[in-house]
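Colleague: I am new to this structure. Could you take my questions one by one?

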Amino acid sequence: DTNFPAQKFQPILCFSDRQKFFIRATISTDKAISVNRWLGERITDFSAADRIFMLDSSWEFYRTQHKILRRAKLAGTLVFSCLYDMVPLRVPALCHPSAPAAYTPWFESALSISDGFVCISKAVADEFLALLKAIDFPRKMMVGYWPLGANIGKSAGIPRPPRDPSRKLPNFLVVVTIEPRKNHLLILDAFGELWSQGYEGTLTLLGRRGWSCDHIVEALERTPGSGRRHNWYKAAAAREVAPPYWSQRIT
């Protein structure tokens with residue numbers, strides 16, 4: 001059985017930019033997260049009953065955090081890392097110039113210290129598993145992924161219900177940072193062509209402003225119909241996260 005065993009844990013949200021401890025974060029009643037580097041509760045002790053999940057990107061802190069994680073592993077703690085993608089490693093030309101230099105040592109560190117990875121999609125998990133196989137990774141690695149909420153391959157053959165003329169047209173949602181390799185301009189061109197033909201569907205963009213994107217933001221601002229046909233939201237609050245699927249282990 002390759003499924004990760006079901007266990008109950010008390011989650012603790014924490015952060016670290018120090019070499020000796022994690023700092024426990026506090027969550028206010030309005031869901032705001034804050035970390036007090038000086039007065040916050042320090043987490044220094046680990047045991048075999050603990051699980052550490054490195055959820056956020058820690059590229060700039062991997063050297064510091066590696067020391068903490070190594071101490072935790074000596075105590076029997078299992079360490080898991082989140083893998084968003086491997087684009088800085090595989091296609092560095094599509095990234096900000098600083099990204100590959102920061103990403104590569106983090107990735108090597110995460111491979112050396114992690115007992116498993118949780119990927120943000122099955123596609124990333126498959127790509128990661130292929131890499132582990134290609135480099136003949138020498139030990140077991142648990143690899144899981146989050147379902148993204150849609151499976152086009154399986155749903156394509158399902159008959160669509162008849163269209164209801166009274167029903168509103170769909171609102172298409174794009175959730176991604178505004179930066180060149182995410183193809184926002186292609187999306188805008190496609191919807192611009194549809195709108196010019198009388199299509200009344202709407203487009204919602206959700207994602208913070210990224211890098212090298214002045215021309216994309218300019219295109220968003222000059223596209224007719226802002227606030228009616230399309231909207232751009234720079235932030236949103238997440239309420240729930242689906243549990244990951246554990247796909248397989250690599251020896």
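The questions below go through helices, charged pairs, loops and surface.

Colleague: What kind of model is this?
Modeller: Local features are only reported here at pLDDT of at least 70. Side-chain atom pairs need pLDDT 80 or more. The model is predicted.

Colleague: How are helices α6 and α7 oriented, parallel or antiparallel?
Modeller: α6 covers residues 184-196 and α7 covers residues 214-222. Their axes come within 10 Å and cross at roughly 20°. Angles under 35 degrees count as roughly parallel. Therefore α6 is, with respect to α7, roughly parallel.

Colleague: Is the crossing of α6 and α7 left-handed or right-handed?
Modeller: Two packed helices are described by the angle between their axes and the distance between the axes. The handedness of the crossing is a further item. Where α6 passes α7, the crossing is left-handed.

Colleague: Is Val 217 buried or exposed?
Modeller: Val 217 has its place in helix α7. Its relative accessible area is 4%. Buried means under 20%. So Val 217 is buried.

Colleague: What separates the C-alpha atoms of Val 217 and Trp 232?
Modeller: Along the chain, Val 217 and Trp 232 are 15 residues apart. In space, their C-alpha atoms are separated by 9.8 Å.

Colleague: Which residue forms a salt bridge with Arg 209?
Modeller: Side chains of opposite charge can pair when their charged atoms come close. For Arg 209, the closest N and O atoms of the pair are 2.4 Å apart. Arg 209 is partly exposed at 41% relative accessible area. Its partner is Asp 214.

Colleague: Is Asp 214 buried or exposed?
Modeller: Asp 214 is found in helix α7. Its relative accessible area is 54%. The cut-off for exposed is over 50%, so Asp 214 is exposed.

Colleague: How far apart in space are Asp 214 and Glu 179?
Modeller: In sequence, Asp 214 and Glu 179 are 35 residues apart. From C-alpha to C-alpha, the distance in space is 8.9 Å.

Colleague: Which residues are linked with Glu 179 in a network of salt bridges?
Modeller: Here the link is a network of salt bridges. Glu 179 belongs to it. The residues linked with Glu 179 are Arg 181 and Lys 182.

Colleague: How many salt bridges does a search of the whole structure find?
Modeller: Each one needs a side-chain nitrogen of Lys or Arg within 4 Å of a carboxyl oxygen of Asp or Glu. The search of the whole structure gives a count of 8.

Colleague: What parts does the salt bridge of Arg 90 with Glu 127 tie together?
Modeller: The closest N and O atoms of Arg 90 and Glu 127 are 2.7 Å apart. Arg 90 lies in α2 (residues 87-90) and Glu 127 in α4, 37 residues apart in sequence. So the pair ties together helix α2 and helix α4.

Colleague: Which of those two is exposed, and which partly exposed?
Modeller: The relative accessible area of Glu 127 is 26%, so Glu 127 is partly exposed. Arg 90 has 52%, which makes the exposed one Arg 90.

Colleague: How far apart in sequence are the parts tied by Glu 41 and Arg 24?
Modeller: Glu 41 forms a salt bridge with Arg 24, with the closest N and O atoms 3.9 Å apart. Glu 41 lies in the loop between β4 (33-34) and β5 (42-43), and Arg 24 in strand β2 (residues 22-24). Glu 41 is partly exposed at 47%, and Arg 24 is partly exposed at 33%. The pair therefore ties together parts whose separation in sequence is 17 residues.

Colleague: Where is Asp 136?
Modeller: Asp 136 has a positive phi of about 55°, although it is not a glycine. At 62% relative accessibility, Asp 136 counts as exposed. Its place is the loop between α4 (122-134) and β9 (141-145).

Colleague: What is the phi of Asn 183?
Modeller: Asn 183 lies in the loop between β10 (171-175) and α6. It is partly exposed, at 43% relative accessible area. Asn 183 is not a glycine, yet its phi is positive, at about 65°.

Colleague: Which residues form a nonpolar patch with Leu 13 on the surface?
Modeller: Leu 13 lies in the segment before β1 (14-15). It is partly exposed, with a relative accessible area of 40%. The patch has about 300 Å² of accessible area together. Its other members are Ile 27 and Ile 33.

Definitions and conventions. Residues are numbered from 1 along each chain as its sequence is written. Side-chain values use heavy atoms; hydrogens and water are left out. Patches are made of residues with over 30% relative accessible area and no salt bridge: like charges are joined within 9 Å, nonpolar side chains (Val, Leu, Ile, Met, Phe, Trp, Tyr) within 5 Å. Accessible areas come from the Shrake-Rupley method with a 1.4 Å probe; for residues, only the protein chains shown count as cover. Helices (H or I, at least four residues) and strands (E, at least two) are DSSP runs, numbered from the N terminus. Buried means under 20% relative accessible area, exposed over 50%, partly exposed in between (1.4 Å probe, protein chains only). Axes are lines fitted to C-alpha atoms, for helices over the stretch in contact, and angles run from 0 to 180 degrees between N-to-C directions. Angles under 35 degrees count as roughly parallel, over 145 as roughly antiparallel, 65 to 115 as roughly perpendicular and the rest as oblique. A crossing is left-handed if the near helix is turned anticlockwise from the far one by less than a right angle, and right-handed if clockwise.
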